[in-house]
Amino acid sequence: MRSVQCPRCKVKFEIPEALGEADKAALLELLRGPQFIRAMGWLMEHHHTGLGNAKALLMHVPREEGLCVYCNRELLDEGETICPVCNALNFNW
Ligand SMILES: [Zn+2]
Ligand SMILES: [Zn+2]
């Protein structure tokens with residue numbers, strides 16, 4: 001597990017070590033479903049993370065590819081990146 005903290009909402013959570021590209025793709029498919037609850041369940045089941053952690057993590061995965069989870073502006077980088085406008089942590093997978 002690797003701990004991260006969002007500079008904007010200050011929430012701390014952990015990224016499961018084993019979360020690979022295939023896992024991210026599966027999560028995105030659920031998340032953009034819009035199946036947030038199922039995506040949380042999937043994460044908890046496959047990566048043994050608690051409800052609060054799964055929720056915090058998924059709150060930082062853009063529903064729309066490339067757009068910040070908070071302010072909807074365009075993100076500059078792929079993967080783990082900080083929004084240039086509102087400073088929120090995003091997992092732009
Ligand atoms: Zn945040
Ligand atoms: Zn933003």
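1. Let's start with Met40 in this predicted model. Setting aside neighbours within four places in sequence, Met40 is in contact with Leu51, Ala54, Lys55 and Leu58. If you have the structure open, Met40 is a handy residue to click on before looking at the core described next.

2. Met40 belongs to the largest nonpolar core, a set of nine residues. Its companions there are Phe13, Leu27, Leu31, Ala39, Leu43, Ala54, Leu57 and Leu58. Three helices each give two or more residues to this core: α1 (21-31), α2 (36-47) and α3 (51-58). There is also a second, separate core of seven residues, with Cys6, Val69, Cys83 and Leu89 among them.

3. Now for the helix pairs, beginning with α2 and α3. Their axes come within 9 Å and cross at roughly 125 degrees. Since angles over 115 and up to 145 degrees fall outside the perpendicular and antiparallel ranges, α2 is oblique to α3. The crossing of α2 and α3 is right-handed.

4. Which residues make that contact between α2 and α3? From α2 come Phe36, Ala39, Met40, Leu43 and Met44, and from α3 come Leu51, Ala54, Lys55, Leu57 and Leu58. Sorted by class, the contact of α2 with α3 has nine nonpolar residues, no polar ones and one charged. Lys55, one of the residues on the α3 side, is also among the contacts of Met40.

5. The other pair to look at is α1 with α2. Here the helices pack at an angle of about 155 degrees, with their axes 7 Å apart. Angles over 145 degrees count as roughly antiparallel, so α1 and α2 are roughly antiparallel to each other.

6. On the α1 side of this contact you will find Asp23, Ala26, Leu27, Leu30 and Leu31; they meet Phe36, Arg38, Ala39, Trp42, Leu43 and His46 of α2. By class, the contact of α1 with α2 holds eight nonpolar residues, one polar and two charged. Leu27, Leu31, Ala39 and Leu43 from this list also sit in the nine-residue core.

7. Asp23 deserves a short stop of its own. It is found in helix α1, and it counts as partly exposed because 16 C-beta neighbours lie inside 10 Å. Measuring along the model from C-alpha to C-alpha, Asp23 and Gly41 are 13 Å apart in space and 18 residues apart in sequence.

8. Two residues are worth checking for their backbone angles. Most residues other than glycine have a negative phi. His48, however, has a phi near 50 degrees, a positive value in a residue other than glycine. His48 lies in the loop between α2 and α3, and it counts as exposed because it has 11 C-beta neighbours inside 10 Å.

9. The second of these is Asn72, whose phi is near 70 degrees, again a positive value in a residue other than glycine. Asn72 is placed in the loop between α3 and β3. Is Asn72 exposed or partly exposed? It is partly exposed, because 13 other C-beta atoms lie within 10 Å.

10. Last comes Glu64, which lies in the loop between α3 and β3 (79-82). Glu64 is exposed, since it has 9 other C-beta atoms within 10 Å. The C-alpha atoms of Glu64 and Phe91 are separated by 11 Å, and the two residues are 27 apart along the chain.

How values were computed
Residues numbered from 1 in each chain as written. Chains lettered and ligands numbered in written order. Predicted model: local features only at pLDDT ≥ 70, side-chain atom pairs only at ≥ 80, totals over all residues. Core = buried A, V, L, I, M, F, W, Y, C linked by C-beta atoms within 7 Å. Buried ≥ 20, exposed ≤ 12 C-beta atoms within 10 Å, placed from the backbone. Helix = DSSP H or I, 4+ residues; strand = E, 2+ residues; numbered from the N terminus. Contact = placed C-beta atoms within 7 Å. Axes fitted to C-alpha atoms, helices over the stretch in contact; angles between N-to-C directions. Parallel < 35°, antiparallel > 145°, perpendicular 65-115°, else oblique. Left-handed = near helix turned anticlockwise from the far one by under 90°. Nonpolar A, V, L, I, M, F, W, Y, C, P; charged D, E, K, R; others polar.
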